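Welcome! Take a moment to turn the structure around on your screen, then read on for a short tour of how some of its parts fit together.

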Amino acid sequence: MKRKDLRNQMSPPKFLALGFLTITLCGTLLLKLPLSSADGTPTPLTDAFFTAVSAISVTGLAVVDTGTHWSGFGQIVMLILIQLGGLGFMTSATWIALMLNRRISLRERIILQEAMGQYQIQGIVDLIRRVLIYAFIIEGVGALLLTLRFWQEVPLSTALHWGVFQSISIFNNAGFDLLGTMHGPFAGFVVYGTDPYLNIVNMALIFLGGIGFIVMFDVMEYPRCRKLSLHSKVVLTVTSVLIVVGAVMLFVLEFNNPKTMGPLSFPEKIMASFFQSITSRSGGVSTIDIGGLQQSSQFLLIMLMFIGAAPGSTGGGIKVTTFAVLIGAVITMVKGKQDVVLYRSRISQAIVYRAVTLTILSLLLLVGFSMFLSVTEPSDFLAILFEAVSAFGTVGLSMGLTTELSGVGKVTVALLMFLGRLGPLTLAYALNRKRYKDLYRHPEGRIIIG
């Protein structure tokens with residue numbers, strides 16, 4: 001009875017944090033089993049923990065090659081963790097409850113509201129149904145398309161295995177791949193950098209996973225109602241601008257780089273530029289060598305990874321809506337106006353405060369973790385910063401540092417991935433016992449800014 005009372009008193013953010021932690025620990029134990037490794041030997045605890053966190057946080061950073069190190073059982077465990085991490089364990093639990101015709105309680109609806117980032121509880125269960133249907137349809141179509149392509153190189157059973165794994169991994173913005181079994185450990189999709197078919201399918205999966213289910217629903221309903229919500233307008237606009245700007249800058253910066261786009265033809269350079277711009281939003285797969293990029297390009301990717309994908313999506317980062325609110329606040333201040341306005345809609349002061357708080361907390365986390373990693377890891381600082389931002393943004397791109405991390409470094413990056421998936425604000429709310437409303441206001445004070 002006491003356990004039930006304790007669970008009922010637990011806030012939704014704290015429940016989500018403990019839920020993710022519990023699943024991570026279960027995944028770690030399963031991946032450490034000899035059954036999970038291809039050679040039948042137990043995987044070191046730090047490697048199993050790192051992989052479990054990377055999978056549940058849908059990041060994709062890997063200290064061991066996914067295709068050659070893990071057995072079929074280990075890869076299934078990873079797929080389950082990726083699916084739970086991408087859709088959210090509460091979403092998956094709700095799906096099971098609905099299949100069993102069990103009623104969803106009010107408290108469970110409140111937790112779902114928190115997990116999905118919704119402002120109202122009404123219609124949350126119907127939203128979950130649609131999320132699951134859309135996710136499985138997209139993953140199914142992606143698996144079919146990828147299987148048809150891989151079938152040209154490997155037997156049908158292997159192609160189907162690869163197609164299902166890659167579709168789930170890429171749509172959930174995880175970035176793990178099994179291609180090391182054919183092209184060597186950690187080969188990734190670099191060998192398919194000039195393949196238009198695979199590039200287009202992967203970009204579509206990353207894009208759909210990164211814009212969020214709410215935007216998908218709005219776009220699907222648009223032909224009928226001829227109206228998009230403010231959230232969808234902001235997400236689609238900012239996402240499109242960032243993709244195009246990122247692609248153009250990468251195209252210019254890497255045009256003659258012999259280590260990346262230099263040997264490619266003009267159309268292939270355009271395709272590679274757009275792929276890296278899209279995948280840096282949280283995709284985690286790459287068709288060029290990230291370590292071979294110019295430093296300016298690597299820093300550009302750091303900024304794109306920090307911004308991340310859309311709320312309610314499978315991606316990470318501070319989110320494109322947060323970035324839009326911050327830019328709106330800057331424009332408002334420069335123009336000397338009072339309200340932040342996006343698409344002729346006034347943004348509440350609470351949302352502006354939330355955006356500023358989330359960004360500052362994220363920056364503080366990255367500064368602290370990057371400084372710590374610079375002490376524990378004997379590597380170039382830009383590579384360390386890139387790794388930290390990639391982990392926090394749950395992106396999965398790396399300049400090659402991941403496989404060279406020390407034991408302390410692996411635990412540190414794993415913790416950063418966990419915090420990035422959970423979100424700094426959710427963690428702050430989880431650690432805060434109660435939220436109080438001030439009963440009075442202090443007298444106004446003045447300080448000099450700038």
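**How two helices meet**

Helices α3 and α5 are oblique to each other, because an angle between 35 and 65 degrees falls outside the parallel and perpendicular classes. Keep in mind that this is a predicted model.

- Helix α3 covers residues 45–56 and helix α5 covers residues 72–87; the two pack at an angle of about 40°, with their axes 7 Å apart.
- On the α3 side, the contact is made by Thr-51, Ala-52, Ala-55 and Ile-56.
- On the α5 side, Met-78, Leu-81, Ile-82, Leu-84 and Gly-85 take part.
- Sorted by type, the residues of this contact are 7 nonpolar, 2 polar and no charged.

**A look at α5 itself**

- The 16 residues of α5 should span 22 Å at 1.5 Å a residue, and the end C-alpha atoms are indeed 22 Å apart, so the two values agree.
- Helix α5 is mostly covered, with 12 of its 16 residues buried.
- Among the buried residues of α5 are Gly-74, Val-77, Leu-79 and Leu-87.

**The nonpolar core**

- In soluble globular proteins, nonpolar side chains tend to be buried together.
- Here, the largest nonpolar core has 111 residues, and Phe-150 and Phe-213 have the most contacts inside it.
- Leaving aside residues up to four places away in sequence, Phe-150 touches Ala-159, Trp-162, Gly-163, Gln-166, Leu-179, Phe-189, Tyr-192 and Leu-198.

**A buried threonine**

- Thr-322 sits in helix α16, which runs over residues 320–335.
- Thr-322 counts as buried because its relative accessible area is 9%, under the 20% cut-off.
- Not counting residues up to four places away in sequence, Thr-322 touches Ala-355, Leu-358 and Thr-359.

Definitions and conventions. Residues are numbered from 1 along each chain as its sequence is written. This is a predicted model: local features need pLDDT of at least 70, side-chain atom pairs count only at pLDDT 80 or more; totals for chains, interfaces and linings use all residues. Side-chain values use heavy atoms; hydrogens and water are left out. Axes are lines fitted to C-alpha atoms, for helices over the stretch in contact, and angles run from 0 to 180 degrees between N-to-C directions. Helices (H or I, at least four residues) and strands (E, at least two) are DSSP runs, numbered from the N terminus. Angles under 35 degrees count as roughly parallel, over 145 as roughly antiparallel, 65 to 115 as roughly perpendicular and the rest as oblique. Contact means heavy atoms within 4.5 Å. Ala, Val, Leu, Ile, Met, Phe, Trp, Tyr, Cys and Pro count as nonpolar, Asp, Glu, Lys and Arg as charged, and the others, Gly among them, as polar. A nonpolar core is a set of buried Ala, Val, Leu, Ile, Met, Phe, Trp, Tyr and Cys residues joined through side-chain atoms within 4.5 Å. Buried means under 20% relative accessible area, exposed over 50%, partly exposed in between (1.4 Å probe, protein chains only). The expected span of a helix is 1.5 Å times one less than its number of residues.
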